[in-house]
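Look at the chain below and follow its helices by eye before reading on. The text then takes up a charged pair, a helix and the nonpolar cores in turn.

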Amino acid sequence: MNSIESNNLKTNFSLSLALGSAATLSKFIFLPPEAKAAIKNTMFGKDYFVKNLKKCTEENIKNTGKKLDMDFVLKNVEKIYPDLQKTSKLALKSLVKTFAVASSGIFLAKTLMSFVEKQKVKSEE
């Protein structure tokens, strides 16, 4: 892959994007379960989260026969959501940083290697 013909900006850019994505995915895999849950639960917004939790609570009441106060559950959901949002933002910020640093570092390294190789070929001629 280090031949001069294959070391152009387009291939360097696409390789850096692919490897940056792989680095971000590997970081996501090792995120704590709380961060993954926060990302999943805040992805579609507060209304979706409240509706989904209300549905799950109703199913839980129906399946277990327990008596739960739905107003109490909804108040707790309102209290929990801001913390979930904060955790989600921090995790996503970390993932974006990983992608940016990995992609730009690989792109710069590959471009510099290409430049050095081209200079060697020119000096040998």
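The paragraphs below go through a predicted model.

Start with charge. Side chains of opposite charge can pair when their charged atoms come close. How many salt bridges does a search of the whole structure find? The search finds 1. It is formed by the side chains of K46 and E78, with 2.7 Å from N to O. K46 belongs to helix α3, residues 46-64, and E78 to helix α4, residues 70-124, so the salt bridge ties together parts that lie 32 residues apart in sequence. Neither end counts as buried, because buried means under 20% relative accessible area. K46 has a relative accessible area of 35% and is partly exposed; E78, at 39%, is partly exposed too.

Next, take helix α3 by itself. With 19 residues at 1.5 Å a residue, α3 should span 27 Å, and its end C-alpha atoms are 27 Å apart, so the expected span and the model agree. Just after α3 comes G65, which has a positive phi of about 80°.

Now turn to the nonpolar residues. Which residues make up the largest nonpolar core? There are 6 in all: A38, F49, V73, V77, Y81 and L84. Helix α4 supplies the largest share of this core, 4 residues. F49, one of the core residues, touches V77, Y81 and L84, and also N41, when residues up to four places away in sequence are not counted. Another core, of 5 residues, lies apart from this one; among its members are L31, I39, A91 and L95.

How values were computed: Residues are numbered from 1 along each chain as its sequence is written. This is a predicted model: local features need pLDDT of at least 70, side-chain atom pairs count only at pLDDT 80 or more; totals for chains, interfaces and linings use all residues. Side-chain values use heavy atoms; hydrogens and water are left out. A salt bridge is a side-chain nitrogen of Lys or Arg within 4 Å of a carboxyl oxygen of Asp or Glu. Helices (H or I, at least four residues) and strands (E, at least two) are DSSP runs, numbered from the N terminus. Buried means under 20% relative accessible area, exposed over 50%, partly exposed in between (1.4 Å probe, protein chains only). The expected span of a helix is 1.5 Å times one less than its number of residues. A nonpolar core is a set of buried Ala, Val, Leu, Ile, Met, Phe, Trp, Tyr and Cys residues joined through side-chain atoms within 4.5 Å. Contact means heavy atoms within 4.5 Å.
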